[in-house]
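Open the model in your viewer and keep the sequence panel beside it. The tour goes one selection at a time.

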Amino acid sequence: MNLVEILEKTVAPDKNELDAAQAFLEQAATSDLPGFLVALSNALAEVQNSPVARVAAGLQLKNHLTSKDPMVRHQHQQKWMTLAPDIRQHVKVKVLETLGTETSRPSQAAQCIAGIACAEIPAEQWLDLIEHLANNVTNIGSRSAEEYDNIKEVSLETIGYICQDIDQEHIQNHSNKILTAIVQGMRKEEENNRVKLAATNALLNSLEFTKSNFEKENERHYIMQVTCEATQCKDTQVKVAALQCLVKIVSLYYQFMESYMGPALFAISVEAMRSDHDAIALQGIEFWSNVCDEEMDLTIEMQEAEELGKQPEQVSKFYAKGALQYLTPILLDTLMKQEENDDEDEWNPCKAAGVCLMLLANCTENDIVPHAVPFITTKIVAEDWRQRDAAVMAFGSILEGPNPDSLQPIVVQAVLVLIQLLTDESVVVRDTVAWTIGRICELLPRAIFTSEHFKPLLESLQASLAAEPRVAANVCWAISSLAENAFEDAQENEGVDDPTTYILSQDFSSIIEKLLVTTDREDAHQANLRSAAYEALMEMVKNSPGDCYVTVQKTTLVILQRITQILQMESRVQTAVDRMQYNDLQSLLCATLQSVLRKMKREDALHISDEVMGALLRMFQMSSGSVGGGVQEDAFVAVGTLVEVLGPEFLKYLEHFEQVLYSGLRNHEEYSVCLAAVGLVGDLCRALNNDIWPMCNNIMGFLFTNLENNNVHRSIKPQILSVFGDVALAIGPQFKGFLDHAMPVLKQASEAEVDKNDYDDIEYLNELREGCLEAYTGIVQGLKGNDAEKTSDDVQVLVPHIQNIVTFIERVAADDDHTETNVATCSGLIGDLCCAFGEAIVKLFQSEKVQKLLSEGKMSKTKKTRTLATWAIKEIRKRTNAVNQ
């Protein structure tokens, strides 16, 4: 059987034939990848082959060139670049030959060419490809009109794929050629809508790296002209794609939009918003959502610039405020187009209108209120459930942005109506009402606290916990917000961190009881209700005053009982769905256990600690292996909470727990489990102090092994370094035995550098540096000793490392991307070093970089940073004065 026949079998209805074909192809790729790729490219290019065979050949070829998974894609690209040049050239020739000859869409050849381009162009190869594709679009050559249309379409499709997948810097130099081809395909003179669609999609994918073209007025005018003209195309797909371009352009190039907003963009977007076609309406609404996003960001930037006494780089043109009177009625009208059986996960104009209204409220603040309130007051009592729902949604959407004082009277008036609507005949209305009450509880709680209807509202919320899952889940969120704000209100009223009572005290026990019932509902797996109910339970417990303590104690026993019960149900778990729900429930119970333990007094926690620890140990035992990584993580965190509550009293459990901890430290494959175990080491050090010493050789061994293992997830490493400091603080001078290994590791980590164009890498570098700073701080403090009058001689072992530490501090200081936390920890470490080594090292802190860092800390808005920086400056001054005397 030849390759073409095999390829045709890849869509065979017979499973045996299908499996055999797949096995053959996998074997061919494994035994001779270069030959296999050549054969596939030949099969793709041969027009005599069946469309099925050609599509299958293209798919197989594409799957060996690229992937949606970045890691797999990188591996494919590396493999491709190791192939012999003649093999690569043959494949490239064949896929280019294929362009315009396929009868199916999307073009497999286009995707294969893009896959090869993303491997070769960054390596400075196949640099004539873009010009070749652009020429296909701009020059008809000897082709017939039909051939020209086909080659134009797939060449533009190819350009779109390349722009979508390749890194910006590798294609920047080709932007003029790319735009020339795209604009050629988008012109209103282009009669073939398939060509126009391919061109418009290519523009959408190329917008990020056309900044230089947008900065030139004449080029910008032309791009905007063809894009705006494309929005008027009668073909819906072209119209939607062109609108998507405008949505993206207004975000990327807001500062250049003034010439186009009044004459074109406003009318185009409003017309789109009014469209009966969902895909078109969505883009019109999205356009103004993006305008609001940009203008809110610019407002923040302006405020920050004013604080620094600078001029902002860009300023808002207040397009949203100017368009508000026209946009609000359209959005309110769109809110009334919902369907009773809407799929909650399906994005539609009604949902988009709600989001846009929220953004408009945040962007225009008080200005939106007079435009929305008349609609709300009229429609909220309408007979049509769609109008009632739209009114409630509109009300909930404008609660954030306007001045709370201006909204307070409206909210107070609305409470009674909302209570009544909680029992509306329409489940859609009830759901939106519950969400809106949640928004009020979160954003304007005092309007509820002072309302004469507060008690009836609480009763209605509790009753609604028995409603449909989607409604009850929103009620849970409302209760969470209510508890948090009621507690904060009581803290302010009493002027203490732990108030004795609050506005929910009388109903506290009842709410807790109903939430516990809700977590056990048979339908609690729907609408994420079980999680919402447990989270509300946790918030209630976390934000409970002194007079609710007895209920918290009772709740702890209920949670413990539930953990015991669920552990006995392990044998009933049969399917993957059962396992997922079982693990989720264990995790929720662990999280709730943490919440109740944190509120317990130590003496009370000691009465139940044996039972708690026993349950957690059984959970570890039953979730070991591949079945319960998430459960193990939550269980480690729960143990950490018990350690915090019990303090030194946790020591009695150490011999039973030691091996479990080591297992977690070894489990770097499930990095979240390992991370939780490393965090727990820090908790144990802080609680047990020197009593942790017998375990330290093992603990430090695991930590060093993980640091040296390149397969360990990088997020674990900063935490490990930080824990070095916790161990040193706990065991003091005994940490000297680990210095020879720890200090070189810290030096290496402190010298790490990353790609400064990658925000994730910058964030990771700051975390890594923070881990190093915390390690150095703990080591210095641990070896210095606790005697404020006399520094221990043990700290002198650090003298050879002082210069490295100071150099590291200067590196952090010189990095413009350092964080507020970095500044605080550096300041604290400088102060500790001054206290430990005095006049001998004070000159090291006279450098401009260190002084600038401390000045930044002294001017910080954060009290902790200011305090540490001021203290460090005083310590340096004190030592400097002593040297000069």
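In which loop is Phe845 found? Select Phe845: the residue sits in the loop between α39 (820-837) and α40 (848-858). Keep in mind throughout that this is a predicted model.

**Stop 1: Phe845**

Is Phe845 buried or exposed? Its relative accessible area is 0%, and Phe845 is buried because that value is under 20%. Now show what surrounds the residue. Leaving aside neighbours within four places in sequence, Phe845 is in contact with Val806, Ile830, Leu833, Cys834, Val850, Gln851 and Ile876. Next, add Val226 to the selection. Phe845 and Val226 are 619 residues apart along the chain, and 60 Å separates their C-alpha atoms.

**Stop 2: the whole protein**

Zoom out and show the cartoon. What does the cartoon consist of, by count of helices and strands? The protein has 41 helices and 0 strands. Its C-alpha trace spans about 95 × 70 × 70 Å along the principal axes. There are 885 residues, and 53% of them count as buried. Among contacts with a separation of 6 or more, 71% are between residues 24 or more positions apart.

**Stop 3: helices α7 and α9**

Two packed helices are described by the angle between their axes and the distance between the axes. Select residues 108-120, which form helix α7, and residues 145-165, which form helix α9. Their axes come within 8 Å and cross at roughly 40°. At that angle α7 is oblique to α9, because the value is not under 35 degrees and does not reach 65. The crossing of the two helices is right-handed. To see the contact, show the side chains of Ala110, Gln111, Ile113, Ala114, Ala117 and Cys118 on α7. On α9, show Val154, Glu157, Thr158, Tyr161, Ile162 and Asp165. By class, the contact of α7 with α9 has 8 nonpolar, 2 polar and 2 charged residues.

**Stop 4: the loops on either side of α7**

Select Pro106, in the loop between α6 (85-98) and α7. The peptide bond from Arg105 to Pro106 is cis, with omega near 5°.

Then select Trp126, in the loop between α7 and α8 (129-138). What is phi of Trp126 near? It is near 50°, a positive value in a residue other than glycine. Trp126 has 11% relative accessibility and so counts as buried.

**Stop 5: Asn528**

Move to Asn528, in the loop between α26 (505-519) and α27 (529-542). Asn528 also has a positive phi, near 60°, and is a residue other than glycine. Is Asn528 buried or exposed? Its relative accessibility is 53%, so Asn528 counts as exposed.

**Stop 6: Gln632**

Select Gln632, which lies in helix α31 (residues 629-646). With a relative accessible area of 9%, Gln632 is buried. What does the side chain of Gln632 reach at 3.1 Å? The side chain reaches the backbone oxygen of Phe620. A polar contact, also of 3.1 Å, joins the side chains of Gln632 and Ser623. Not counting residues up to four places away in sequence, Gln632 touches Phe620, Ser623, Ser624 and Val673.

**Stop 7: helices α33, α35 and α37**

Val673 leads on to helix α33, which covers residues 671-688. Select α33 together with helix α35, residues 716-731. The two pack at an angle of about 15°, with their axes 8 Å apart. That angle is under 35 degrees, so α33 is roughly parallel to α35. Residues of the contact of α33 with α35 divide into 11 nonpolar, 3 polar and 2 charged. The crossing of α33 past α35 is left-handed.

Keep α35 selected and add helix α37, residues 759-784. The axes of α35 and α37 come within 7 Å and cross at roughly 10°. These two helices are therefore roughly parallel to each other. Residues of α35 in the contact include Lys717, Pro718, Leu721 and Ser722, and those of α37 include Tyr764, Glu767, Leu768 and Gly771. The residues of the contact of α35 with α37 divide into 10 nonpolar, 6 polar and 3 charged.

Notes: Residues numbered from 1 in each chain as written. Predicted model: local features only at pLDDT ≥ 70, side-chain atom pairs only at ≥ 80, totals over all residues. Heavy atoms only, no water. Helix = DSSP H or I, 4+ residues; strand = E, 2+ residues; numbered from the N terminus. Buried < 20%, exposed > 50% of the residue type's maximum accessible area, 1.4 Å probe, protein only. Polar contact = N/O pair within 3.5 Å; in protein donor to acceptor, adjacent residues only side chain to side chain. Contact = heavy atoms within 4.5 Å. Axes fitted to C-alpha atoms, helices over the stretch in contact; angles between N-to-C directions. Parallel < 35°, antiparallel > 145°, perpendicular 65-115°, else oblique. Left-handed = near helix turned anticlockwise from the far one by under 90°. Nonpolar A, V, L, I, M, F, W, Y, C, P; charged D, E, K, R; others polar.
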